[in-house]
Amino acid sequence: MNLKRYKLYAFAIGAIFGGLAGGIYAGMINFIAPENFGYGLSIIIISMIILGCLDSIPGAIAGALFLTVFPEKFRVFEDYRIFFYGLIIVFCLLFMRDDGLPFKYRIFKEKEAEKV
């Protein structure tokens, strides 16, 4: 199995989707500046992925939905929003070491079991 080739494919496919999403975003907003993609947005996206678990697509979707809807209910604490996301990252990394959200289909764990 040629690992370099598959890493290159994964990078290229990710770049294609990122480019398409960026093009659609630019078309909708009509203006792009570096301030649109700051530190806060990076923290939010990372916390969504970590909450849903890194190797589960349904988990990442569930984490994104949860962290999009839940903070909207607590708009009163707008100043502490990034702090809330940081706490989620810390607690997920401390207490959800193996499984994350309990979905049956785990992509990488199943592949690791096949190698042994």
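Here are some short exercises, with worked solutions, on the predicted model shown above.

**Exercise 1. Get the overall layout**

Work out how many helices and strands the chain has, and how much of the chain is buried.

*Solution.* Start with the secondary structure: there are five helices and zero strands. Walking along the sequence, you read that as α-α-α-α-α. Next, look at burial. The chain has 116 residues, and buried ones make up 18% of them. On the outside, about 9,400 Å² is exposed, with carbon and sulfur atoms supplying 72% of that area. Finally, check the contacts with a separation of 6 or more: 56% of them involve residues 24 or more positions apart.

**Exercise 2. Check the length of H2**

Compare the span you'd expect for helix H2 with the distance between its end C-alpha atoms.

*Solution.* First, count: H2 covers residues 39-52, so you have 14 residues. Then apply 1.5 Å a residue, taking one less than the number of residues, and the expected span comes to 20 Å. Now look at the model, where the end C-alpha atoms of H2 sit 20 Å apart, so the two values agree. Just past the helix comes Cys53, with a positive phi near 90°.

**Exercise 3. Find what H2 packs against**

Which residues of H2 are buried, and which helices do they pack against?

*Solution.* Pick out the buried positions first: Ile43, Ile44, Ser47, Met48, Ile50, Leu51 and Gly52. These pack against helix H3 (57-73) and helix H4 (81-95). Don't count Leu41 among them: it lies in H2 too, but at 34% relative accessibility it's partly exposed, because buried means under 20%. The C-alpha atom of Leu41 is 9.1 Å from that of Ile82, although the two are 41 residues apart along the chain.

**Exercise 4. Build the core**

List the residues of the largest nonpolar core and say which helix gives the largest share.

*Solution.* As background, nonpolar side chains in soluble globular proteins tend to be buried together. Here the largest nonpolar core has ten residues: Ile43, Ile44, Met48, Ile50, Leu51, Leu67, Tyr85, Ile88, Ile89 and Cys92. Sort them by helix and you'll find that H2 and H4 each supply at least two. The largest share, five residues, comes from H2. To see how one member fits in, zoom in on Ile88: leaving aside neighbours within four places in sequence, Ile88 is in contact with Ser47, Leu51 and Leu67.

**Exercise 5. Classify a ring pair**

Decide how the rings of Tyr6 and Tyr9 are arranged, and whether these residues are buried, partly exposed or exposed.

*Solution.* The chain has two aromatic pairs. One of them is Tyr6 with Tyr9, at 6.1 Å centre to centre and 80° between the planes. An angle over 60 degrees counts as edge-to-face, so that's the label for this pair. Both residues lie in helix H1 (residues 3-29), three residues apart, or about one turn of the helix. For exposure, Tyr6 has a relative accessible area of 41%, so it's partly exposed. Tyr9, at 44%, is partly exposed as well. Tyr6 has another partner: the charged end of Arg5 sits over its ring, 5.4 Å from the centre.

**Exercise 6. Look at a loop residue**

Is Asn30 buried or exposed, and where is it in the chain?

*Solution.* Asn30 is in the loop between H1 and H2. Its relative accessible area is 65%, so Asn30 counts as exposed. Then check the backbone: phi of Asn30 is near 70°, a positive value in a residue other than glycine.

Conventions. Residues numbered from 1 in each chain as written. Heavy atoms only, no water. Phe/Tyr/Trp six-rings, centres within 6.5 Å; stacked < 30°, edge-to-face > 60°. Helix = DSSP H or I, 4+ residues; strand = E, 2+ residues; numbered from the N terminus. Buried < 20%, exposed > 50% of the residue type's maximum accessible area, 1.4 Å probe, protein only. Lys NZ or Arg CZ within 6 Å of the ring centre and 35° of its normal. Contact = heavy atoms within 4.5 Å. Areas by Shrake-Rupley, 256 points an atom, 1.4 Å probe, with all protein chains shown as cover. Core = buried A, V, L, I, M, F, W, Y, C linked by side-chain atoms within 4.5 Å.
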